[in-house]
Each structure stands twice: as structure tokens, then as C-alpha cells.
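Subject: Handing over the structure and its ligand sites

Dear colleague,

As promised, I am passing the structure on to you, and I would be glad if you could keep it open beside this message while you read. My notes come after it.

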Amino acid sequence: MKALDELTFDNRFARLGDAFSTTVLPEPIADPRLVVASEAALALLDLDLAQAEQPLFAEIFSGHKLWAEADPRAMVYSGHQFGSYNPRLGDGRGLLLGEVYNDAGEHWDLHLKGAGQTPYSRMGDGRAVLRSSIREFLASEALHALGIPTSRAACVIGSSTPVWRETQERAAMVLRLAQSHVRFGSLEYFFYTKQPEQLKQLADHVLSLHYPECLEQPEPYLAMFRVIVERQAELIAKWQAYGFCHGVMNTDNMSILGITFDFGPFAFLDDFDQHFVCNHSDHEGRYSFSNQVPIGQWNLSALAQALTPFVSVEALREALDLFLPLYQAHYLDLMRRRLGLTTAEDDDADLIARLLQLMQNSGVDYTLFFRHLGEESADVAAGKLRDDFVDMLGFDAWADAYTARIAREPESSQEDRRTRMHAVNPLYILRNYLAQRAIEAAEQGDDSEVRRLHQVLCKPFDQQPGMESYAQRPPDWGKHLEISCSS
Ligand code: AMP
Ligand code: MG
């Protein structure tokens with residue numbers, strides 16, 4: 001473990017030069033306090049929680065102090081927002097402070113979100129509110145614990161600095177970690193502004209640092225695009241299998257690494273609903289839960305466009321066509337596992353689709369259903385779960401098919417089945433109402449609930465004695481929360 005002043009910087013992105021980012025110093029927020037820190041994320045920097053408790057930690061990540069070796073930069077990008085091209089976005093309120101490498105030799109970007117205005121702020125104040133910072137922190141660490149690739153969050157620093165949204169709120173900063181902050185929109189920017197040299201420089205940067213294995217291929221850019229397609233297919237399969245709705249799948253929010261990135265009005269499903277839209281300003285439902293799959297492919301086609309100077313359109317199209325079959329294969333594999341199946345049969349996809357339709361019709365809790373299904377033998381569990389369905393007979397027919405399907409699996413004890421299923425079916429997810437409760441306490445200066453919730457979400461698959469209340473369906477007030485999209 002290291003002390004805060006022992007981090008080793010190697011600012012590779014900053015060295016690309018001023019065409020790619022602009023030097024901006026963080027603008028401090030007043031009376032900084034550590035709201036919450038992630039032990040696991042800090043460990044990626046070889047730091048421990050004791051470092052986070054030091055006053056210096058809150059001073060650095062609230063913009064009051066900075067290492068001499070840091071090179072804070074606002075990155076430029078553009079992107080497609082809700083299907084329309086926006087020619088100039090960029091870090092309007094976040095700064096890449098620098099890149100740190102740990103003892104294992106991994107590089108991590110330190111990105112401070114809410115660090116003040118930049119040349120890309122447009123009309124914005126450059127700030128992030130406490131509410132959205134806590135949500136990003138909890139979601140990053142919860143997704144990671146579920147095994148879903150994501151940027152990480154090391155801490156949230158709160159302040160007394162007022163910020164205006166719908167009402168007056170307080171500014172905060174969140175320290176985000178990722179191995180790269182290059183987005184699809186970063187490449188789009190250099191393509192659409194017709195800067196072929198810079199486009200190549202950025203593509204080569206990503207290729208050599210993040211996809212070095214592709215350099216050995218006859219067509220490295222095409223090979224890299226294929227891997228990006230594969231990773232995106234796998235990522236979205238995980239979102240769909242676990243009920244995660246991103247909410248703002250604009251291409252400026254799509255990481256070149258295929259990780260979940262940029263958290264806004266996201267939500268995990270409570271009741272299963274294919275058509276769920278978590279973003280209240282998404283009136284057409286472009287980013288509804290089920291649309292995440294075709295939108296994932298649409299976003300990849302926007303990235304492909306930016307790569308046309310390097311790869312033929314035909315080859316890019318062929319790579320894009322891999323997306324859907326790869327997605328389906330990953331999704332089917334995950335859902336089989338959620339159902340406790342270890343073998344594959346042709347009718348499994350149909351079995352899953354029938355179940356989801358029944359859940360949709362009755363608004364069944366998506367997370368708890370799978371957890372309870374593994375708790376007891378298939379027929380006993382189904383007998384208890386049928387009460388949740390309006391169409392009980394329909395569910396009985398499904399349960400008969402499922403029980404028969406389980407009987408065709410290689411023999412294993414119910415104990416093994418439970419262990420296997422509980423290892424992939426979480427008990428605890430980041431329900432909006434749980435986040436809301438923790439945020440309201442933190443807004444009153446009590447951070448204990450944010451910390452407790454974070455701890456619970458770090459072990460989503462483990463039954464945690466005393467934490468039963470975190471595994472409940474939302475109360476009525478929590479079902480219809482309008483999560484503000486301003487952040
Ligand atoms: P987001 O919706 O957070 O992905 O942000 C979209 C774009 O708006 C990005 O370029 C952000 O940097 C910028 N942005 C969002 N909020 C603010 C803010 N409060 N001040 C300045 N820029 C912002
Ligand atoms: Mg964004």
C-alpha cells in the first residue's frame with residue numbers, strides 16, 4: 001500500500017497534445033468532506049481506506065490541492081445524442097487529473113467529475129450535485145460487484161458549495177477510475193471535424209494501449225473494431241440479464257473499452273418491464289430497457305463511421321453483423337445460468353421468453369424471482385412463486401415445463417443447485433428507492449446510510465444477516481420515484 005503522495009503518474013493521454021484536451025485546473029468546492037470511499041477501488045491505486053480518511057484526501061479530490069505530477073485536462077469529444085449529431089461536447093465538468101500506474105503495472109485514469117467549468121461547459125456550471133455523485137458511486141461499485149464491466153468510483157467528496165438545479169443543492173465531486181476515458185464520441189469528433197492525422201493518432205493510441213493484441217493482426221483497426229463489437233455485445237447481454245437500464249446511451253457515453261460508463265438517470269428494474277424508460281426526458285423511449293440491444297448496435301455503427309478512413313465499409317459491416325448473434329449467445333448463456341441450467345437445449349430461449357412475458361404481465365420483481373427460484377427445489381419454489389402471477393395457470397404451465405427441463409439436467413443435489421443459482425442471482429441490487437433513502441440522509445449531513453448501502457452492494461450474492469430490509473421490493477413511494485435527470 002502507498003501513501004497519497006507516493007502515486008506514480010504517467011500521463012499518456014495528456015502527452016497526445018493540445019488537439020485532444022485542454023489544460024484546466026480544478027475549481028475547489030467549499031468545506032470538503034469524505035462522504036464515502038470504496039476500499040476495492042482505492043486498492044486499484046494501491047491506496048487503503050486509512051488514506052481516504054486523511055484530510056489531505058478530501059482536499060485533493062475537492063480541487064484544493066494537486067500533485068505536481070498531475071496534468072489535469074478536459075478532453076474533447078462530440079457524439080450522437082438521442083440519434084442526432086452534436087458536433088462539440090467534451091468534458092464540461094470533469095477533468096482527467098492524470099494516469100496513475102499501480103504496483104501491478106496497470107494504468108488508471110483519475111477523473112474528477114464536478115471539478116468546475118472548462119472550455120466545453122457550454123451553458124453548464126461545471127458542477128455535479130451530491131445526489132448524482134452518490135448515484136454514480138454506488139452504481140459503479142454495485143455493477144462491478146455483479147461482474148458487469150464498468151468504470152469504477154473511488155470516492156465522493158461533499159461540500160457546502162451551493163448549486164442550482166430544480167432547487168438549490170450542494171456540489172460534490174466523484175473520483176472515477178477507468179483504464180481509458182476515450183469514448184466513441186472522441187473518435188467521432190476528429191472524423192467529423194476532418195482532422196485525419198489526429199484521428200489516426202487517437203486510434204493508434206487506443207490500439208497500442210488497450211488492444212495491443214490487434215496490432216499483430218493483418219488489419220489492426222478492423223481487429224480492434226471487432227473486439228469492441230464483442231465487448232459491447234457481452235456488456236449489453238449482462239445489462240439485459242441483470243435488469244440494468246443505462247438511460248442515456250449517447251455515443252459520448254459509450255466507452256471505447258466496452259465498459260458501463262457515465263451514469264445519469266440509470267435504474268435497475270424492480271418489476272420486470274421490457275418497455276421501462278428510466279430517463280424522464282426520453283419521451284420517445286429511445287433508451288428503453290429492451291431498446292438497449294438495437295441501440296448498442298446503432299452506437300457501434302456510429303463508431304464504425306469514424307473508422308472508415310482506416311477500414312473498408314464492407315469489412316466494418318461484417319463486423320457489425322457479429323453484434324446480434326454474439327449478444328444473443330451471451331444473453332442466453334447468462335439466463336440459462338440464472339435458471340440453474342448447466343446444459344443447453346434448443347427450446348431454452350423459448351422457456352426464457354415465456355417466463356419474461358409472464359413476469360411482464362404481472363409486474364413480478366425481476367431480481368427476487370430468480371433468487372427465490374433457487375432457494376428450494378424447482379417444483380416447491382415455483383409453487384410458492386405462483387402467487388406473484390396474475391395468470392397463475394399460465395405460470396403453472398411454465399413451471400411444469402421448467403421442472404421437466406431441470407429433470408433433464410445432470411443429476412445434482414438441491415444444495416448444489418441453490419449454491420450454483422445464488423452465485424449468479426443477486427439478493428441485493430441498487431434499487432432506486434434504496435439510493436434515494438441514502439441520498440436524503442447524506443443531504444442532511446448523515447453519510448452512514450450511503451456507506452452501509454455501499455457495503456451491502458459490494459457482496460450482492462451473499463446473504464448478509466441483519467440486512468434483510470435491503471432485499472425487499474420497493475415500498476409504494478419507492479416504485480414511482482421520478483429520478484431527476486439534471487445532475
Ligand atoms: P452527460 O449527460 O453527463 O453525459 O453530459 C453531456 C455533456 O454535457 C457533456 O459534455 C458534459 O460534460 C456536459 N455537462 C453536463 N452537465 C454539465 C454541467 N453541469 N456543467 C457543464 N457541462 C455539463
Ligand atoms: Mg456524458
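Below I go through the two ligand sites in turn.

Please bear in mind throughout that this is a predicted model, and that every value here was computed from it.

I begin with ligand 1, which sits in the largest pocket. Its shell holds 15 residues, and those that come nearest are G90, G92, R122, D125 and G126. Sorted by character, the residues of this shell comprise 7 charged, 6 polar and 2 nonpolar ones.

Several polar contacts can be named individually. An oxygen atom of ligand 1 lies 2.6 Å from a backbone N or O atom of G90, while the side chain of R122 places an N or O atom 2.8 Å from an oxygen atom of the ligand. For R93, a side-chain N or O atom is found 3.2 Å from a nitrogen atom of ligand 1. As for how far the ligand is covered, it exposes 480 Å² when taken alone, and the protein buries 78% of that area.

The second site is that of the magnesium ion, ligand 2, whose protein donors are N253, through OD1, and D262, through OD, at 1.9 to 2.1 Å from the ion. Are these two donor residues buried or exposed? N253 counts as buried because its relative accessibility is 9%, under the 20% cut-off, and D262 likewise counts as buried because its value is 14%.

With best wishes

Notes. Residues are numbered from 1 along each chain as its sequence is written. Chains are lettered from A and ligands numbered from 1 in the order in which they are written. This is a predicted model: local features need pLDDT of at least 70, side-chain atom pairs count only at pLDDT 80 or more; totals for chains, interfaces and linings use all residues. Side-chain values use heavy atoms; hydrogens and water are left out. Donors are N, O and S atoms within 2.8 Å of the metal (3.2 Å for Na, K and Ca); water is not among the atoms, so sites may look incomplete. Buried means under 20% relative accessible area, exposed over 50%, partly exposed in between (1.4 Å probe, protein chains only). A residue is near a molecule or strand if one of its heavy atoms lies within 4 Å of it. A polar contact is a pair of N or O atoms within 3.5 Å; within protein, one must be able to donate a hydrogen and the other to accept it, and residues adjacent in sequence count only if both atoms are side-chain atoms. Accessible areas come from the Shrake-Rupley method with a 1.4 Å probe; for residues, only the protein chains shown count as cover. On a 1 Å grid over the protein atoms alone, a cavity is a set of points where a 1.4 Å probe fits but cannot get out, and a pocket is an open set with protein on both sides within 12 Å along at least five of seven lines; lining residues have an atom within 4 Å of a point. A molecule sits in a cavity or pocket if more than half of its atoms lie within 2 Å of its grid points. Ala, Val, Leu, Ile, Met, Phe, Trp, Tyr, Cys and Pro count as nonpolar, Asp, Glu, Lys and Arg as charged, and the others, Gly among them, as polar.
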